[in-house]
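Biologist: Could you walk me through this one? I'll ask, you answer, and let's keep it casual.

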Amino acid sequence: MKGIKEAMLIFIVSLTYKVELQEADKVFPEHIAHIEKFHAAGKYIISGRREPRIGGVLIATNCSREEIEEIVHNDPYYLKGVADFEIIDLIPTRFYNYRLGELPPVPAVVVA
């Protein structure tokens, strides 16, 4: 059984393009196919492009640090030198229960 730390670990994967957008777009279908495989496996829970369009962000869970490194190192963007990848380990300490698209509650501010 996983410990609490391992069970709660989330990885933020930040991609930054190393090539012009036109070059990245040539590899984009392969990159998306790779991402979809890990969405289906429950590893990637959120993915999207950065704005401005300089790369992307992936949120991963249900995997170890070693697993996410292997997933990243097999991404076509990584294999073909299209993007730099940074993996950030996150152990969540606060959660908000809201639906995607809605803002979490804002704490009340008391002015004395």
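Biologist: Is Asn 62 buried, partly exposed or exposed?
Modeller: Bear in mind that this is a predicted model. Asn 62 lies in the loop between β3 and α3. Its relative accessible area is 46%, and the partly exposed class runs between 20% and 50%. So Asn 62 counts as partly exposed.

Biologist: What is the phi of Asn 62, which is not a glycine?
Modeller: Most residues other than glycine have a negative phi. Asn 62 goes the other way, with a positive phi of about 60 degrees.

Biologist: Which two residues does the cis peptide bond join?
Modeller: Most peptide bonds are trans. Here omega is about 5 degrees for a cis bond, and its proline lies in the loop between β2 and β3. The two residues are Glu 51 and Pro 52.

Biologist: On to the inside. Which residues have the most contacts inside the largest nonpolar core?
Modeller: In soluble globular proteins, nonpolar side chains tend to be buried together. This core has 21 residues, and the elements giving two or more of them are β1 (10-17), α2 (21-40), β3 (55-60), α3 (65-73) and β4 (83-90). Those with the most contacts are Val 13, Tyr 44, Ile 68 and Tyr 77.

Biologist: Take Ile 68, then: what does Ile 68 touch, leaving out residues up to four places away in sequence?
Modeller: Ile 68 is one of the residues with the most contacts in that core. With those sequence neighbours left out, its partners are Phe 11, Val 13, Tyr 44, Ala 60, Cys 63 and Ile 87.

Biologist: How far apart in space are Ile 59 and Val 13, C-alpha to C-alpha?
Modeller: Ile 59 is found in strand β3 and counts as buried at 17% relative accessibility. Not counting residues up to four places away, Ile 59 touches Ile 10, Phe 11, Ile 12, Lys 43, Tyr 44, Ile 45 and Ile 46. Along the sequence, Ile 59 and Val 13 are 46 residues apart. In space, C-alpha to C-alpha, the separation is 6.2 Å.

Biologist: Now the charges. How many salt bridges does a search of the whole structure find?
Modeller: Side chains of opposite charge can pair when their charged atoms come close. Searching the whole structure for such bridges gives a total of seven.

Biologist: With which residue does Glu 30 form a salt bridge?
Modeller: The closest N and O atoms of this bridge are 3.0 Å apart. Glu 30 lies in helix α2 and its partner in the loop between α4 (76-79) and β4, so the bridge ties together parts that are 50 residues apart in sequence. Glu 30 itself is partly exposed, with a relative accessible area of 37%. The partner is Lys 80.

Biologist: Lys 43 and Glu 67 meet in a salt bridge as well; what is the N to O distance?
Modeller: This pair links distant parts of the chain, with Lys 43 in the loop between α2 and β2 (44-49) and Glu 67 in helix α3, 24 residues apart. Lys 43 is buried at a relative accessible area of 17%, whereas Glu 67 is partly exposed at 36%. The N to O distance is 3.8 Å.

Biologist: Which residues are joined into one network by salt bridges that share partners?
Modeller: Glu 69 forms a salt bridge with Arg 65, the closest N and O atoms being 2.9 Å apart. Both lie in helix α3, four residues apart, which is about one turn of the helix. Salt bridges with shared partners make the network Arg 65, Glu 69 and Asp 89.

Biologist: And the rings: what is the angle between the planes of Tyr 17 and Tyr 77?
Modeller: The structure holds three aromatic pairs. This one is edge-to-face, at 5.8 Å centre to centre. Tyr 17 lies in strand β1 and Tyr 77 in helix α4, so the pair ties together parts that are 60 residues apart in sequence. The angle between the planes is 80 degrees.

Biologist: Which residue forms an aromatic pair with Tyr 78?
Modeller: That pair is edge-to-face too, at 5.9 Å centre to centre and 70 degrees between the planes. Tyr 78 counts as partly exposed at 37% relative accessibility, while its partner counts as buried at 18%. The partner is Phe 85.

Definitions and conventions. Residues numbered from 1 in each chain as written. Heavy atoms only, no water. Core = buried A, V, L, I, M, F, W, Y, C linked by side-chain atoms within 4.5 Å. Buried < 20%, exposed > 50% of the residue type's maximum accessible area, 1.4 Å probe, protein only. Contact = heavy atoms within 4.5 Å. Salt bridge = Lys/Arg side-chain N within 4 Å of Asp/Glu carboxyl O. Phe/Tyr/Trp six-rings, centres within 6.5 Å; stacked < 30°, edge-to-face > 60°.
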